[in-house]
Amino acid sequence: MAASDGSTAPSISMFGTLGSSLKSKWESVDGPQTVSNISAQLPDSVKSRASNISSTYLNPRYMRSPKVYLGLGESKPFYLETNPSLIADRLKHNIGYFYLNYVFLTVLLFVLTLMISPSSLISIAILAFAWFYVMKITADGYTIFGVQISQRVATGVMSIVTILCLTYVLSSIFWWTLCTSGFCIFGHSIFRDASMHKDEQDHVEMSGDLEEAPFLDSNSGDMGV
């Protein structure tokens, strides 16, 4: 145990130092201002669409509590249906009802897997610093070998470089996260009986006048007696 604590402490210290260094670099190259400038250059239609998607699909109120997600307090929250049509209905309902929990689970597994890969963290830090530096020097135009490089061109080049680098660096982490989260999500969605939990869109709206039924009259008569 002592050896384990001794090996963990330097790792935590290293990540703390790396985080402080990245924060200082972010501030030194005006990272927040650069992000604000990029956001300001986006068309209003893109901002509006992103806002609508975020409010519709990433609304925190669609994040189910651990009690609901795990069925705590329910008599039989997990069991396997034998009817194929009921299995399909359960999968459809659970994916629609717990989708934000599944997204959170996938992101959490990705972050945890990433944290145990120092080489990937260092690569991402280098890419982030490269982005901030390139955006900084090309804000007012940058000339290299007599050719002026605009920020738009630099953004395109950096996007391609980032995709290639992340594909190479994070390929193993991506596939591990995809397989692990897929296994967990499939297991939960097929075994979890959450049919008693519904959203507003699952409710049936009733309209029209209430018609009198004979059994209502008989009940009222019985109550009068």
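Okay, so when I say helix or strand today, I mean a DSSP run: at least four residues for a helix, at least two for a strand. With that in place, this chain has 10 helices and 2 strands. And please keep in mind that we're looking at a predicted model.

Reading from the N terminus, the order goes α-α-α-α-α-α-α-β-β-α-α-α. There are 225 residues in the chain, and buried ones make up 21% of them. If you take the contacts with a separation of 6 or more, 77% come from residues 24 or more positions apart. The chain exposes about 16,300 Å², with carbon and sulfur atoms supplying 67% of that.

Let's zoom in on helix 5, residues 84-97. At 1.5 Å a residue, its 14 residues should span 20 Å, and the end C-alpha atoms are indeed 20 Å apart, so the two agree.

Which residues of helix 5 are buried? They're R90, H93, N94 and Y97. Those residues cover an arc of only 95 degrees around the axis, which puts them on the same side of helix 5. That fits a general point: an α-helix has 3.6 residues a turn, so residues three or four places apart point the same way. Flip to the other side of helix 5 and you'll find P84 and K92, which are exposed. As for what the buried residues pack against, that's helix 4 (66-70), helix 6 (99-115) and helix 9 (171-191).

Now, charges. Side chains of opposite charge can pair when their charged atoms come close. How many salt bridges turn up in a search of the whole structure? The answer is 2.

One joins E74 to R192, with the closest N and O atoms 3.0 Å apart. E74 sits in the loop between helix 4 and helix 5, and R192 in the loop between helix 9 and helix 10 (214-224), so this pair ties together parts that are 118 residues apart in sequence. E74 is partly exposed, at 21% relative accessible area, whereas R192 is buried, at 0%.

There's also a salt bridge between E81 and R90, at 3.7 Å from N to O. Remember R90 from the buried residues of helix 5? Its relative accessibility is 8%, so it counts as buried. E81 is buried too, at 19%; the cut-off for buried is under 20%.

Last stop, the surface. L70, L72, F78, L80 and F191 form a nonpolar patch there, with about 450 Å² of accessible area together. L70 belongs to helix 4, and at 40% relative accessibility it counts as partly exposed.

Note on methods
Residues are numbered from 1 along each chain as its sequence is written. This is a predicted model: local features need pLDDT of at least 70, side-chain atom pairs count only at pLDDT 80 or more; totals for chains, interfaces and linings use all residues. Side-chain values use heavy atoms; hydrogens and water are left out. The expected span of a helix is 1.5 Å times one less than its number of residues. Buried means under 20% relative accessible area, exposed over 50%, partly exposed in between (1.4 Å probe, protein chains only). The arc is that of the directions from the helix axis to the C-beta atoms. Contact means heavy atoms within 4.5 Å. Patches are made of residues with over 30% relative accessible area and no salt bridge: like charges are joined within 9 Å, nonpolar side chains (Val, Leu, Ile, Met, Phe, Trp, Tyr) within 5 Å. Accessible areas come from the Shrake-Rupley method with a 1.4 Å probe; for residues, only the protein chains shown count as cover. A salt bridge is a side-chain nitrogen of Lys or Arg within 4 Å of a carboxyl oxygen of Asp or Glu.
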